[in-house]
Amino acid sequence: MSDKFKEIYRKSIESPENFWKEASDDIFWFKKPTKILNKSNPPFYKWFEDGVTNTCYNALDIHIDRGQGKKTALIYDSPITGKKSKLTYEELRSKVSIFAGALKDQGVNKGDRIIIYMPMIPEAVVAMLACARIGAIHSVVFGGFASNELASRIDDSRAKVLVTASCGFEPGRTVEYKPLVDEAIKLANHKIDKMILFQRSGHEVKLNAPKEVSWEEVVSKANEVDCVEMNSNEFAYILYTSGTTGTPKGIVRDIGGHIVALKWTMKNIYNIDAGDIWWSASDIGWIVGHSYIVYAPLFKGCTTVLFEGKPVGTPDAGAFWKIISDYKVKSLFTAPTAFRAIKKEDPEGKFFSKYDLSKFESLFLAGERADPDTIKWAENLLNVPVIDHWWQTETSWAISSNCTGIEMMETKYGSACKAVPGYDVKVIKSDQTLAKPNEMGDIVVKLPLPPGTFPTLWNADKRYKENYMSNYDGYYQTYDAGHIDEDGYIWIMSRTDDIINVAGHRLSTGAIEEVLSEHQSVAECAVLGIADKLKGQLPIGLIVLKAGVEKDNETISKECIQMVRDKIGPVAAFKVAIVIKRLPKTRSGKILRGTIRKIADDVEYKMPPTIDDPAILSEIKEDLIKNNILKGG
Ligand code: COA
Ligand code: AMP
């Protein structure tokens with residue numbers, strides 16, 4: 001192994017300003033920054049403070065200026081509807097600049113917030129880039145969230161316009177967006193000015209003018225508009241993510257740092273060059289979708305694939321291989337759960353042999369820990385490097401990875417490889433001292449964070465500071481725990497808060513508990529993420545009823561499940577609510593969630609010395625056996 005990676009990493013940590021100044025020369029600026037990093041007000045750092053640029057210009061116009069306008073920017077493939085299309089950079093810019101004009105016609109100005117609640121169709125990408133073109137701040141909401149979640153995002157962002165579509169398609173059912181949006185608008189205290197709805201053909205819905213207008217109509221009347229000049233530290237977007245309570249956190253991204261960092265990652269982490277075909281099989285509603293379906297590949301001048309389908313069932317477990325083969329995809333980025341789903345359906349890879357994957361070079365996995373079995377299975381089948389890398393909505397790009405464009409490193413199964421240049425990752429033990437190699441602790445990143453991460457939370461500087469930057473002075477707390485080994489490999493073992501990871505989707509058990517507590521028969525409850533072979537984790541609810549409740553347990557359990565689906569959304573995958581007699585607690589009244597989870601996962605646990613009544617644990621075990629969560633015997 002050469003020292004190339006080591007040297008680049010060292011430079012990024014020892015002189016971050018020089019490192020990122022150099023990277024910033026690779027993007028388009030209306031005015032180049034002269035101030036690279038403002039450290040005067042920690043933890044609120046500012047990258048490229050006096051730079052002026054535009055996200056959409058860097059995603060589209062720059063490539064057209066450089067003669068690449070006829071290259072394919074976006075491939076849309078929807079096995080669910082049977083539709084496929086391609087847009088060149090010129091065609092995509094034309095659509096984006098017209099929709100940007102349409103947004104302006106609806107009164108949208110620089111700094112206004114736009115909620116985008118859409119399925120995986122090209123118009124969703126167009127809407128995001130159109131916001132960027134005119135300096136509006138988008139907030140994309142994943143289609144699997146229910147009205148309540150949508151309403152909380154409308155309220156927190158105080159959005160002016162909501163862009164949606166008539167429907168989305170999930171295998172076996174149509175997701176009607178309009179009723180969900182109507183309900184969210186009713187629930188929200190803040191009132192939006194306009195709803196723009198894209199009518200999917202064959203699924204048109206009735207709109208109530210003048211507040212509700214169709215995409216087609218506004219576009220037919222609009223003129224193309226140019227990119228506006230944006231200060232580097234203005235916000236590109238807000239992406240809400242699960243916090244430790246039901247109130248989601250609005251992660252914000254500033255413009256200049258986002259473009260610089262994401263463009264840098266395409267070559268250095270993913271070994272992707274301009275013109276390469278890149279596919280991120282995620283959803284635009286998640287951070288992976290923002291960064292790697294839309295922004296990074298377009299900043300780099302690649303072709304990005306937008307896939308409206310699933311790894312299995314649309315129509316079969318060969319769906320991924322078909323896309324890779326049809327479009328000669330060089331690299332794919334997805335969540336391990338997608339590969340576990342394929343492995344489950346087609347363990348021998350029979351579908352795989354039908355396709356030509358000779359152009360395929362690497363597979364990247366993130367969103368949850370990639371279990372060694374799945375990595376090895378994928379390596380054997382695909383015969384390409386399979387790379388687990390670790391990141392968060394907060395950072396928007398990988399904190400640790402095998403940086404394949406710099407130097408390919410050895411795989412250690414179960415580890416998400418080494419800290420990426422820009423991130424000074426450490427482990428801190430419970431006594432607040434730095435851990436030695438292989439010692440477990442909280443994983444933190446030394447401040448300042450590199451560009452492209454989150455400079456604050458939307459309208460919540462205090463929450464940003466207290467939540468992430470205060471527990472360990474001078475460090476960002478990731479809320480992941482694990483260790484770093486003697487070779488610098490990072491091992492992410494668990495979350496230290498109540499976040500669970502269900503099929504690569506981040507959920508708060510606290511938020512689910514808040515919903516269950518609203519059921520009139522529920523006295524108290526605990527929600528835990530238990531290990532699941534397919535989805536990594538699944539939430540289960542344990543509920544204790546109020547005295548004197550007469551309804552039968554089964555009805556209450558069904559009602560609770562429905563409430564979570566209605567209030568959080570189907571994405572919570574909440575299918576198990578078990579009525580129990582009492583919850584195990586410490587003598588001070590804290591629910592022993594960790595112990596219950598160990599019992600449910602059937603792993604060894606120690607009797608907590610502070611437990612008020614040890615007999616409750618045997619009762620819980622019996623309940624879990626009765627409900628088929630645990631095997632008896
Ligand atoms: N709109 C509306 N509903 C949605 C949705 C969307 N965009 N995405 C998912 N849902 C629904 C599903 O239909 C399902 O509903 P159901 O309870 O009626 O069946 C529920 O949310 C749970 O979805 P999911 O967790 O995706 O489970 P699944 O059984 O439908 O599919 C996988 C399992 C593994 C195939 C699927 O999770 C997958 O493809 N994961 C890829 C991972 C990924 O994209 N991660 C993003 C971060 S990288
Ligand atoms: P999200 O913000 O939805 O991307 O979720 C971020 C969280 O997912 C992280 O804090 C981790 O807990 C988990 N995660 C993401 N990638 C990995 C990985 N490669 N290995 C282990 N956990 C991961």
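This section describes the surroundings of two ligands and of one buried glutamine in a predicted model.

Ligand 1 is considered first. Its shell comprises 23 residues, of which E170, R173, K535, R565 and K575 come nearest. By class, these shell residues divide into 10 nonpolar, 6 polar and 7 charged. Residues of the shell are contributed both by domain 1 (3-309) and by domain 2 (503-626), and ligand 1 therefore lies between the two domains. Several polar contacts to ligand 1 involve the protein backbone. A nitrogen atom of the ligand is placed 3.3 Å from a backbone N or O atom of G143, and a polar backbone atom of G144 is found 3.4 Å from a nitrogen atom of ligand 1. An oxygen atom of ligand 1, in turn, lies 3.4 Å from a backbone N or O atom of P570. On its own, ligand 1 has 940 Å² of accessible area, and 83% of this area is covered by the protein.

Ligand 2 is surrounded by 15 residues, and those that come nearest are D388, T393, D480, R495 and R506. The shell around ligand 2 consists of 4 nonpolar, 5 polar and 6 charged residues. Side chains supply polar contacts to oxygen atoms of this ligand. In the case of D480, an N or O atom of the side chain is 2.6 Å from an oxygen atom of ligand 2. For R495, the separation between a polar side-chain atom and a ligand oxygen atom is 2.7 Å, and for N501 the corresponding value is 3.1 Å. Taken alone, ligand 2 exposes 490 Å², of which the protein buries 93%.

Q392 shares contacts with residues of the ligand 2 shell. This glutamine is located in the loop that joins β20 (386-388) and β21 (400-401). Its relative accessibility is 4%, and Q392 is therefore classed as buried, the cut-off being under 20%. With residues up to four places away in sequence left aside, Q392 touches I287, I399, Y476, T478, D480 and R495. Two of these partners, D480 and R495, are also among the residues that come nearest to ligand 2. The contact with D480 includes a polar component, as the side chains of Q392 and D480 make a polar contact at 3.3 Å. The side chain of D480 is thus in polar contact with Q392 and also has an N or O atom 2.6 Å from an oxygen atom of ligand 2. R495, likewise touched by Q392, places a polar side-chain atom 2.7 Å from an oxygen atom of ligand 2.

How values were computed. Residues are numbered from 1 along each chain as its sequence is written. Chains are lettered from A and ligands numbered from 1 in the order in which they are written. This is a predicted model: local features need pLDDT of at least 70, side-chain atom pairs count only at pLDDT 80 or more; totals for chains, interfaces and linings use all residues. Side-chain values use heavy atoms; hydrogens and water are left out. Helices (H or I, at least four residues) and strands (E, at least two) are DSSP runs, numbered from the N terminus. Buried means under 20% relative accessible area, exposed over 50%, partly exposed in between (1.4 Å probe, protein chains only). A polar contact is a pair of N or O atoms within 3.5 Å; within protein, one must be able to donate a hydrogen and the other to accept it, and residues adjacent in sequence count only if both atoms are side-chain atoms. Contact means heavy atoms within 4.5 Å. A residue is near a molecule or strand if one of its heavy atoms lies within 4 Å of it. Accessible areas come from the Shrake-Rupley method with a 1.4 Å probe; for residues, only the protein chains shown count as cover. Ala, Val, Leu, Ile, Met, Phe, Trp, Tyr, Cys and Pro count as nonpolar, Asp, Glu, Lys and Arg as charged, and the others, Gly among them, as polar. Domain bounds come from an automatic or database domain assignment.
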